[in-house]
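Grab a coffee and open the viewer: here are some short exercises on how helices pack. Try each task yourself before you read its solution.

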Amino acid sequence: MALDEERLPEAARRLVALAPSGGERETLEAFLDLQRQVLERKAEGLSDADARRALVPSATTPAGLLRHAARVELNWFQHILCGRPPEDLGLDLSEPDSTFRLGGHDTVASLTAEYREACAESRRAADRFALDDAVPHPELGRVTLRWILLHMVEETARHAGHADILREQIDGRTGPFG
């Protein structure tokens, strides 16, 4: 069965183009961008009420996942990689569930915009480092940009999977681009 590239989102088309000869860094970045786009698309078209609706016992909702993913981007790229203090980024690292907390005025549109901006900041931060550049980490000792990118692919893909299941519970829509 031939792949219909015209129907794929931009990030997926980028991966298809890289498959035969992509370098390590551009492949890692393309996989991360694809997972970012999948996560974002899982909330696309949901009402704000549906995006906030609790379908599991944890704080995991489509809206909460967007907030969490934006905070994770800030933590890994701005705090860990660039060394910015967490309080300057609005991060409360003492309470992990705080990254899912929504404000009264948060909407799918505002959370998506927040996530897109955090991802754009992450890309700009990563551009200043080589894959082997290592930075201090409070628990792991030192981590390289390569490690951060791989971790972020894993983290974002895991949450995209959570979002896929939540979206299926809300309206039956499934699949990475559906």
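The exercises below concern a predicted model, and each comes with a worked solution.

**Exercise 1. Work out what span helix H6 should have, and check it against the distance between its end C-alpha atoms.**

Solution. Start with the residue count: H6 covers residues 145-171, which is 27 residues. The rise is 1.5 Å a residue, and it is counted over one less than the number of residues, so the expected span is 39 Å. The end C-alpha atoms of H6 lie 38 Å apart, which agrees. Just past the end of H6, glycine 172 has a positive phi of about 85°.

**Exercise 2. Repeat the span check for H5 and for H2.**

Solution. Take H5 to begin with: its 19 residues should span 27 Å, and its end C-alpha atoms are 27 Å apart, in agreement. Now turn to H2, residues 24-43. H2 has 20 residues, with 28 Å expected at 1.5 Å a residue, and reaches 30 Å from its first C-alpha to its last, which is close. Just after H2 you will find glycine 45, with a positive phi of about 85°.

**Exercise 3. Decide how H4 and H5 are oriented: are they roughly parallel or antiparallel to each other?**

Solution. Locate the helices: H4 runs over residues 62-81 and H5 over residues 108-126. Their axes are 9 Å apart and pack at an angle of about 20°. Angles under 35 degrees count as roughly parallel, so H4 and H5 are roughly parallel to each other. The handedness of this crossing is left-handed. On the H4 side, the residues making the contact include Leu66, Ala70, Leu74 and Phe77, while those on the H5 side include Leu111, Tyr115, Ala118 and Ser122. Sorted by class, the contact of H4 with H5 comes to 14 nonpolar, 3 polar and 5 charged residues.

**Exercise 4. Do the same for H4 with its partners H2 and H6: which orientation does each pair have?**

Solution. For H2 and H4, the axes come within 10 Å and cross at roughly 155°. An angle over 145 degrees counts as roughly antiparallel, so H2 and H4 are roughly antiparallel to each other. Leu32, Arg36, Leu39, Glu40 and Ala43 of H2 make the contact with Leu65, Leu66, Ala69, Glu73 and Phe77 of H4. By class there are 7 nonpolar, no polar and 3 charged residues in this contact of H2 with H4.

For H4 and H6, the packing angle is about 175° and the axes are 10 Å apart. H4 is therefore roughly antiparallel to H6. Among the residues that meet here are Leu65, Val72, Trp76 and Ile80 in H4, and Trp147, Met152, His159 and Leu166 in H6. The residues of the contact of H4 with H6 divide into 15 nonpolar, 4 polar and 2 charged.

**Exercise 5. Find which residues of H5 are buried, and what these residues pack against.**

Solution. Colour H5 by accessibility and pick out the residues under 20% relative accessible area. The buried residues are Val108, Leu111, Thr112, Tyr115, Ala118, Cys119, Ala120, Ser122, Ala125 and Ala126. They pack against H2, helix H3 (48-52), H4 and H6. To read the spacing along the helix, recall that an α-helix has 3.6 residues a turn, so residues three or four places apart point the same way.

**Exercise 6. Say whether alanine 70, asparagine 75 and histidine 79 are buried or exposed, and list their contacts beyond four places in sequence.**

Solution. Take them in order along H4.

- Alanine 70 has a relative accessible area of 1%, so it is buried. Its contacts are Glu114, Tyr115 and Ala118. Its C-alpha is 8.2 Å from that of glutamate 117, although the two are 47 residues apart in sequence.
- Asparagine 75, at 15% relative accessibility, counts as buried. Its contacts are Ile80, Leu91 and Leu93.
- Histidine 79 counts as buried because its relative accessibility is 17%. Its contacts are Leu74, Arg84, Pro85, Pro86, Leu89 and Leu93. Histidine 137 is 58 residues away in sequence and 9.7 Å away in space, C-alpha to C-alpha.

Technical notes: Residues are numbered from 1 along each chain as its sequence is written. This is a predicted model: local features need pLDDT of at least 70, side-chain atom pairs count only at pLDDT 80 or more; totals for chains, interfaces and linings use all residues. Side-chain values use heavy atoms; hydrogens and water are left out. Helices (H or I, at least four residues) and strands (E, at least two) are DSSP runs, numbered from the N terminus. Buried means under 20% relative accessible area, exposed over 50%, partly exposed in between (1.4 Å probe, protein chains only). Contact means heavy atoms within 4.5 Å. Axes are lines fitted to C-alpha atoms, for helices over the stretch in contact, and angles run from 0 to 180 degrees between N-to-C directions. Angles under 35 degrees count as roughly parallel, over 145 as roughly antiparallel, 65 to 115 as roughly perpendicular and the rest as oblique. A crossing is left-handed if the near helix is turned anticlockwise from the far one by less than a right angle, and right-handed if clockwise. Ala, Val, Leu, Ile, Met, Phe, Trp, Tyr, Cys and Pro count as nonpolar, Asp, Glu, Lys and Arg as charged, and the others, Gly among them, as polar.
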